[in-house]
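User: Could you take a close look at one part of this protein for me? I'd love to see how that part sits within the chain as a whole.

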Amino acid sequence: TDWQKGNLTLAPELAEKWGAVPNWEKHPEIFGNNYNEAFQKVLDPFKKSLKGKFYNCCQGKLGEGYLRQLERSINFWQELINEQGDPDIIIVPIQFGKLHAGKSVRWAHEVFKTNEFGLGAFAIITLLLTHPERLQNFDDLWIDIAGDEYSPEAGGDFFRALCLYFSSSEVELDTCGVDSFPDYYGSSSGFLPDPLPQ
């Protein structure tokens, strides 16, 4: 395959860099039995890495009734997993929000390229652990987590998204409306990489 031959390149006008995300479903002994447990498994070390400068506005409200992956994102992750031979670590071209800065989450979904999908909470937190420079200051672009959807009351109505932002010199995890479009947020996304020309 192109992955095995190394015949892959970033889409330079879209992706910022390569990202590495654990294949959580392959290792339930590490990440638990569902997406929400896997997210919590990486959220705990992320909080620890910020040394007290993290506040979770959704504490106790990140279970299956509250947070779920979008179908598009699930399908794209599976395609990456299949292409890479069910690896322990999935390699994916990413952008942390700059491409969709100032757009609402809903608008970002509407303008995603055919090979683009939203990054969810598990991927974003994992990527911030390996790219800690990304969210260090109040002036850094804040991140809309565009690969998941959120139900504030766990009542089956998923109309919000998780987001990460700065407040009082700390990183906060909260939710935002999918139709809001402040210019200091951007939706994060991943891509299926382009094969190099033969």
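In which helix is S73 found?

Analyst: Happy to walk through this with you. Please keep in mind that this is a predicted model. S73 is found in helix α4, which covers residues 71-83. The residue is buried, because its relative accessible area is 2% and the limit for that class is under 20%. Setting aside residues up to four places away in sequence, S73 touches F117, G118 and G147.

Let's follow the chain past the end of that helix. D88 lies in the loop between α4 and β5 (89-95), and D88 forms a salt bridge with K26, where the closest N and O atoms are 3.4 Å apart. K26 belongs to the loop between β2 and α2 (28-31), so this pair ties together parts that are 62 residues apart in sequence. In contrast to the buried S73, D88 is partly exposed, with a relative accessible area of 42%. Its partner K26 is partly exposed too, at 34%.

On the other side of the helix in sequence, there is the loop between β3 (54-56) and β4 (67-69), and C57 lies in it. C57 is partly exposed, with a relative accessible area of 32%. Leaving out neighbours within four places in sequence, C57 is in contact with Y165, E172, L173 and D174. A second cysteine is worth a glance here: C57 and C176 are 119 residues apart in sequence, and their C-alpha atoms are 11 Å apart in space.

The K26 and D88 pair has company, as the count comes to four salt bridges. One of them joins the side chains of E133 and K17, at 3.5 Å from N to O. E133 sits in the loop between α6 and β7 (142-144) and K17 in strand β2 (residues 17-22), so the pair ties together parts that are 116 residues apart in sequence. Both ends are partly exposed, E133 at 46% relative accessibility and K17 at 25%. Another salt bridge brings together the side chains of R106 and D179, at 2.5 Å from N to O. R106 is in helix α5 (residues 105-111) and D179 in the loop between β10 (170-177) and β11 (185-187), so distant parts of the chain, 73 residues apart, are linked by this pair. R106 counts as partly exposed at 44% relative accessibility, and D179 does at 46%.

Helix α6 (residues 121-130) gives a picture of a covered element: eight of its ten residues are buried. Among them are F122, I124, I125 and L127.

Now for the setting of all these parts. The chain has six helices and 13 strands. Its radius of gyration is 16 Å, close to the 16 Å that the globule rule gives for 198 residues, so the chain is as compact as a globular protein of that length. Along the principal axes, the C-alpha trace spans about 50 × 40 × 35 Å. Of the 198 residues, 52% count as buried, and S73 belongs to that class. Among contacts between residues at least 6 apart in sequence, 74% join residues at least 24 apart. The chain exposes about 9800 Å², with carbon and sulfur atoms supplying 50% of it. As for charge, there are 17 positive and 29 negative side chains, and the centres of the two sets lie 4 Å apart.

Notes: Residues are numbered from 1 along each chain as its sequence is written. This is a predicted model: local features need pLDDT of at least 70, side-chain atom pairs count only at pLDDT 80 or more; totals for chains, interfaces and linings use all residues. Side-chain values use heavy atoms; hydrogens and water are left out. Helices (H or I, at least four residues) and strands (E, at least two) are DSSP runs, numbered from the N terminus. Buried means under 20% relative accessible area, exposed over 50%, partly exposed in between (1.4 Å probe, protein chains only). Contact means heavy atoms within 4.5 Å. The radius of gyration is taken over C-alpha atoms; the globule rule is 2.2 Å times the number of residues to the power 0.38. Accessible areas come from the Shrake-Rupley method with a 1.4 Å probe; for residues, only the protein chains shown count as cover. Lys and Arg count as positive and Asp and Glu as negative; His and the chain ends are not counted. The place of a charge is taken as NZ of Lys, CZ of Arg, CG of Asp or CD of Glu.
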